[in-house]
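Visitor: Please show me the structure, and let me ask how each label is earned.

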Amino acid sequence: MPKDQGVQATHVGESVVDMKFAAIADLDSAESDDQLESWRVRFLGRKGRLTSLLRGLGSLDIDERKVIGAEANKLRGELESLYEERTSKLKSTRAPVGSIDITLPGRKPALGGLHPSTQMIREITQAFNEMGFQTIEGPEVELEKYNFDMLNIPANHPARDQWDTIWVDSDTHNDVLLRTHTSPMQARTMEQNDPPIRVIVPGKCYRYESTDATHEWHFNQVEGLAVDDGITFADLKGTLYEFARRIFGPQRKVRFRCDFFPFVEPGVDMSIDWNGSWIEILGAGMVHPKVLENAGYDSTKYTGFAFGMGPERISMLRNEITDIRHFFSNDLRFLTQF
Ligand code: DAH
């Protein structure tokens with residue numbers, strides 16, 4: 001009888017070949033000591049499949065017994081060495097006992113943090129919140145009317161040159177722009193609310209200009225506005241002094257100088273003492289009567305003050321940052337320092 005035929009057509013239960021395939025597939029899927037042992041018992045154990053097959057050989061005729069017996073014995077040798085191989089492979093991929101120190105502290109997951117601009121904005125707005133100002137926000141895409149006209153900056157006014165503007169292309173509107181400052185929220189707030197008003201308005205602004213260490217084409221501003229019956233320049237000074245003390249420390253010297261902004265009269269800029277020199281940190285002034293009237297307020301009854309500052313600028317001073325472009329370059333080497 002040809003050998004192959006004998007192997008396939010045995011009467012002794014399953015064929016040697018079938019058993020070989022089943023044994024190898026099972027062994028490959030054994031991943032633990034328990035699974036390996038159960039495999040050994042199932043195939044090589046005293047009541048295992050291979051042992052049963054060998055025991056059954058006695059019922060075969062002599063020729064069959066010779067062929068199948070030889071195959072089965074060969075298979076036993078193969079399975080035994082495959083079993084050894086698998087056992088040592090599993091052992092070598094396992095961490096040796098004692099190699100993991102479970103008493104070590106865990107690895108800290110990397111946590112994000114607030115952007116330095118956000119941190120500064122929160123600090124500034126909190127200082128004003130504690131003085132009774134309410135934080136509000138306004139649109140970054142603004143109408144010409146609020147960004148310029150209502151703030152006493154008419155179309156032909158030379159002050160418009162100060163704000164090189166990013167205009168929005170539109171088929172239906174030619175008066176939409178990315179706001180050049182947060183001051184339009186003065187007009188929007190007054191238009192929608194009666195006095196008294198005390199608001200602080202943080203937000204992004206955009207200007208069409210080339211960038212360098214102190215200029216960005218987008219940046220944040222924090223605007224402030226207080227309007228009521230009887231507000232004076234002394235209130236403006238007192239409020240901004242208090243702000244400077246909170247942000248830069250109690251001993252900080254502050255200087256006011258005349259400055260011009262179309263929406264305030266008188267207008268000032270405020271500087272703080274920085275190691276013996278004056279550094280300008282904000283523009284401010286008493287709200288121009290025309291701005292009050294544009295919003296529908298009686299300028300003989302109400303007065304107010306307004307101010308606007310750049311939080312990046314203030315953060316640069318406080319943190320000795322030499323280039324404003326770092327704030328928006330998304331470089332983690334910079335951002336993770338805050
Ligand atoms: N909007 C001005 C700017 O962008 C800053 C400013 C100046 C705001 C004086 C004010 C103000 O409210 O009173 O340069």
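Guide: First a definition: Ala, Val, Leu, Ile, Met, Phe, Trp, Tyr, Cys and Pro count as nonpolar, Asp, Glu, Lys and Arg as charged, and the others, Gly among them, as polar. By that rule the shell around the ligand divides into seven nonpolar, seven polar and two charged residues. The model is predicted, so local features need pLDDT of at least 70 and side-chain atom pairs pLDDT 80 or more, while totals for chains, interfaces and linings use all residues. Numbering runs from 1 along each chain as its sequence is written, and side-chain values use heavy atoms, with hydrogens and water left out.

Visitor: What makes a residue one of those that surround the ligand?

Guide: One of its heavy atoms must lie within 4 Å of the molecule. 16 residues surround the ligand, and the closest are His181, Ser183, Arg207, Gln221 and Glu223.

Visitor: Why is the pair at glutamine 221 called a polar contact?

Guide: A polar contact is a pair of N or O atoms within 3.5 Å; within protein, one must be able to donate a hydrogen and the other to accept it, and residues adjacent in sequence count only if both atoms are side-chain atoms. A polar side-chain atom of glutamine 221 lies 2.9 Å from a ligand oxygen, so the pair qualifies. For glutamine 186 the side-chain distance to a ligand oxygen is 3.0 Å. Alanine 306 uses a backbone N or O atom, 3.2 Å from an oxygen atom of the ligand.

Visitor: How much of the ligand does the protein bury?

Guide: Alone, the ligand exposes 360 Å², and the protein buries 92% of that. The areas come from the Shrake-Rupley method with a 1.4 Å probe; for residues, only the protein chains shown count as cover.

Visitor: Which elements give two or more residues to the shell?

Guide: They are strand E6 (218–228), strand E9 (277–287) and strand E10 (303–309). Strands (E, at least two residues) and helices (H or I, at least four) are DSSP runs, numbered from the N terminus.

Visitor: Where are the cis peptide bonds at proline 196 and proline 266?

Guide: Proline 195 and proline 196 are joined by one, with omega about 0°; proline 196 lies in the loop between helix H8 (184–192) and strand E5 (197–206). The bond from glutamate 265 to proline 266 is also cis, with omega near -5°, and proline 266 lies in strand E8 (residues 264–274).
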